[in-house]
Amino acid sequence: MATTTSHVPAQPPDSFWRRLSTFLYQRPWLILLLLLGPPLLLLGVVYLGSLITLLINSFFYLDGFTGQIVRSFSLRTYAELFTPANLEIIQRTVSMAAAVTIADSLLAFPVAYFMARFASTRAKTGLYLAVLLPLWSSYLVRVYSWKLILAQEGIVSWFFHFFGIQGVLDALLTLPRIGGTSLSVSPLGIFIVFTYTWLPYMILPIAAALERVPQSVIEASGDLGARPGTTFWRITLPLAFPGVVAGSIFSFSLTLGDFIIPGTLGNSSYYLGQAVLAHQGTSGNLPLAAAFTVIPIVVMLLYLSGAKRLGAFDAL
Amino acid sequence: MHSESQRAPWLLKLATAAVIVFLHFPAVIIILYAFTTDDRTFTFPPPGLTLQWFGVALQRSDMWEAFGLSLRVAVIATGAALILGTLAASAVHRSKFFGREAISFLVILPIALPGIVTGIALRSAMSLGNIPFSFLTIIIGHATFCVVTVYNNVIARYRRTGKSQVEASMDLGATSFQTFRFVVLPNIATALLAGGMLAFALSFDEVIVTTFTAGQQMTLPIWIFSQLTRPRQRPVTNVVAVFVLLITFIPIIIAHRLTQDTSAE
Amino acid sequence: MSDQPVPAIRFSGVSRHFGEVKAVDDLNLDIYDGEFFTLLGPSGSGKTTSLRMVAGFDQPTSGSIQLFGNEVAGLPPYERDVATVFQDYALFPHMTVGENVGYGLMIRKVSKPERQQQVEAMLNLVRLPDMAGRKPSQLSGGQRQRVALARALITHPRVLLLDEPLGALDLKLRQQMQIELKAIQQQVGITFIYVTHDQEEALTMSDRLAVFNLGRVEQVGTPADIYEHPTTEFVAGFVGTSNLIRGQLAQAIVGSPEPFSVRPEKIHIQQIGDPIDAGHCSATGRIDEVAYLGMLTRYIVALDGGGELTVVEQNLESTSMEVMAARNKPVLLVWSRDHNRVLSEKG
């Protein structure tokens, strides 16, 4: 041993980086500042700052005569927000978000349940990828594709005709409030596409919550004499519920703020996102657009605080 | 008795299969329509199939301009997300500081809130500060919601790695910088790649936030959206849509592979 | 050893507080060059925190730590001439065994051929030749342990810190590694500071040890000192098994209420009425429990004066049938007064 000792320097060579490293090591607060500074500049200053200017903007108002935005505090814009026409838009959007959330949880549950309970490791990997792909990719393209699918001359109509049941489709489309001239210009079509688009956001947290239900709990229930059906309703479902709530945060929030889907498939009745888009664009009423946007923020804050109480964030 | 833990009821299998088909069916349809000979309506089944629209799409300079802009935006936004996401994850992982929980919340906020909130907020700030629309305003918008993908991947990797490797490196004589270079970076490399891929996919087809920060500039998704309302050669839009589909699919599959490989270790 | 002028490590009034918790409280300790020194204590007693402060992973709240006479408080780990073997080994998973072992040399800019040569020599020392090309994930727990040791030793640190390095190994391997570690320490001749909660390990390996409890050192000494002459209740109870006798019982046996301890193997079981030699203590009781342990038998004896004593006897001539039959037998316990260790409540 002693023969090799001479070849190893006790310390690495001194250098600028070494001294800088020591300088920082002795000042942990400075390291923290350097690490957090840049992300906080974007998210804390620019992003949160922008959210604050959104609030500020909602208290400005548009002068009807000059068409100029008046930059002084006023509740005029909020008064405008709560006119019957705008309230109808809000009510329409929130009901749609609720309907979509319910439909998504019903559709997502069997997939999540299968993934968490029955799928082999390989099948599970495949299923996860199958759910993740539409979640991360080409949202716009898939919405556009539904325009082709639901069109009057598209595949859904063709399907109904092929089986000679176009009467069913026509009957659906004549229903008040949800019907329209074709599926591609009706609230029903919007509902289908919203449900489709946010479905992966619902599947993943439910699957995560179900995977956390230990097999032993289910077996214990079985051993105590519960029939499989009873175990499902009394044990599995309640334990999966935080996952449903976590998923609903996305389906609800994303529906409230979307203008692409109603813009692509809707008729003349606006949804919240479209109203925001129109007011900030053509009519130049940015204050009203901002005030409209405050609604999904408030709704989501209420929703999140409720969800937090139900433990939904553990399933994210 | 324990059938629940072994074999799935056939009804459950059927429901799962149906939902998976439902999720992927639109992608199949859009690919089919890229080959249709019908350029006026969306007739199903297509009256005939042709490859001509691919050639036509390649000739469209407006499409190429939009594609170029989207690519530049996605690359730069991904780069920004990689740097900012890694910095934030490192800060949260290495020290307990006041407001640590708030950082995670702040990072997730831009994708948890509807895109329209981010969009109109940035638009309000621009209006209040008299900032004109520019390439930079698009990048800032995209960077806000891309940071989370990198942050989540990196912090998950940090949690799995444990702190003793970093201590061992410094114990053996390496400075903080050398430790990052030789130990931390190789450890988080695949997490960075996975996070970066997801960020790229998110940015490349983002349309909502971009609508508020782009002004007259056209990214590829905005180009597609404009074609929906003012169609000119419908099948060309279909071809471009297929193209976007592929460009976002590939990075996601790569990202998925990367996270699978390391968790299987 | 103890007459050496400058200790390898000197803790002077070192405290480490985490908020309200005093992980280490006013630690004063000298560890000499070339010693195999063990920090022994239950988990949460402050031994690992003390080790981490020597390595530089943790900084004292107050007090000073000197390495060969030089103050190290505030210095980063890479400026200290010590190396650590981690409990979880902390091998770099993306590097080969050779790259792991050579890491310290790579950082010190030692040329590649030189590095390879030394890595090989070091892998030979820990008896892992021809393993340089493997990845850590391809090694067994014991082999990883040796790689971690080689990696720490290759830069020739003046002090090697070992944080429960054998904790994850099974009993057989652990005993084998104990012997090897000791041999390696004698071969390289540097100070080893060894953290463990296993008192047997500490007694087997150490030149000296410090017994930690609740952030404080209870007693420092050689293994024989600590075992034969525990000075506090905690040490008497934690190192080996001891009978603690205090209060009225102590008064009855030795005529003073001061607490004292006596090891179970020092007590002999005799017949009631047997004569008691001068300079011996005695107590009468009834055998309450018998545990036959193969080489030994452990008896729990309920004393007539209250309380109980544990007694261990070798099974030189007795069979298991015979010892089991001793249950409920009234007995006289006798031991030499020299084996009583008077204890203070706190060290």
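**Three chains in contact**

Q: How many residues does each side bring to the contact of chain B and chain C?
A: This is a predicted model. Two chains share this contact, and each side has its own count. Chain B gives 18 residues, and chain C gives 24 residues.

Q: What area is buried between chain B and chain C?
A: The area has contributions from carbon and sulfur atoms. They give 61% of it. The area itself is about 1,700 Å².

Q: Which residues of chain B lose the most area to chain C?
A: Three residues stand out on the chain B side. Together they make up 40% of what that side buries. They are Glu167(B), Asp171(B) and Leu172(B).

Q: Which residue of chain C forms a salt bridge with Glu167(B)?
A: The rule finds one salt bridge across the interface of chain B and chain C. A salt bridge needs a side-chain nitrogen of Lys or Arg within 4 Å of a carboxyl oxygen of Asp or Glu. Here the closest N and O atoms are 2.7 Å apart. The partner of Glu167(B) is Arg52(C).

Q: How many salt bridges does the rule find across the interface of chain A and chain B?
A: Chain A and chain B each bring 91 residues to their contact. The area buried between them is about 8,300 Å², and carbon and sulfur atoms give 79% of it. On the chain A side, Tyr47(A), Trp136(A) and Tyr144(A) supply 10% of the buried area, more than any other three residues. Yet the number of salt bridges between chain A and chain B is zero.

Q: At what angle do the axes of α5(A) and α1(B) cross?
A: Helix α5 of chain A covers residues 121-136, and helix α1 of chain B covers residues 10-33. Their axes come within 9 Å. The crossing is left-handed. The angle is roughly 35°.

Q: How many charged residues are in the contact of α5(A) with α1(B)?
A: From α5(A) come Leu127(A), Ala130(A), Val131(A), Leu133(A) and Pro134(A). They meet Thr16(B), Ile20(B), Leu23(B) and His24(B) in α1(B). Seven of the residues are nonpolar and two are polar. The number of charged residues is zero.

Q: How many helices does chain B contain?
A: Read chain B from the N terminus, and every element in the run is α. The count of strands is zero. The count of helices is eleven.

Q: What share of the residues in chain B is buried?
A: Chain B has 265 residues. Its C-alpha trace spans about 70 × 70 × 30 Å along the principal axes. The buried share is 56%.

Q: Is Arg18(A) buried or exposed?
A: Arg18(A) lies in helix α1 of chain A, residues 16-25. Its contacts beyond four places in sequence include Pro12(A), Thr175(B) and Glu79(C). Its relative accessibility is 3%, and the cut-off is under 20%. Therefore Arg18(A) counts as buried.

Q: What is the relative accessible area of Leu333(C)?
A: Leu333(C) sits in strand β17 of chain C, residues 330-336. Beyond four places in sequence, it touches residues including Ile267(C), Cys281(C), Val301(C) and Leu309(C). Leu333(C) is buried, and its relative accessible area is 0%.

Q: What distance separates the C-alpha atoms of Leu333(C) and Gly69(C)?
A: Both residues belong to chain C. They are 264 residues apart along the chain. Their C-alpha atoms are separated by 52 Å.

Technical notes:
Residues numbered from 1 in each chain as written. Chains lettered and ligands numbered in written order. Predicted model: local features only at pLDDT ≥ 70, side-chain atom pairs only at ≥ 80, totals over all residues. Heavy atoms only, no water. Helix = DSSP H or I, 4+ residues; strand = E, 2+ residues; numbered from the N terminus. Buried < 20%, exposed > 50% of the residue type's maximum accessible area, 1.4 Å probe, protein only. Contact = heavy atoms within 4.5 Å. Axes fitted to C-alpha atoms, helices over the stretch in contact; angles between N-to-C directions. Left-handed = near helix turned anticlockwise from the far one by under 90°. Nonpolar A, V, L, I, M, F, W, Y, C, P; charged D, E, K, R; others polar. Buried area = accessible area lost by both parts, 1.4 Å probe.
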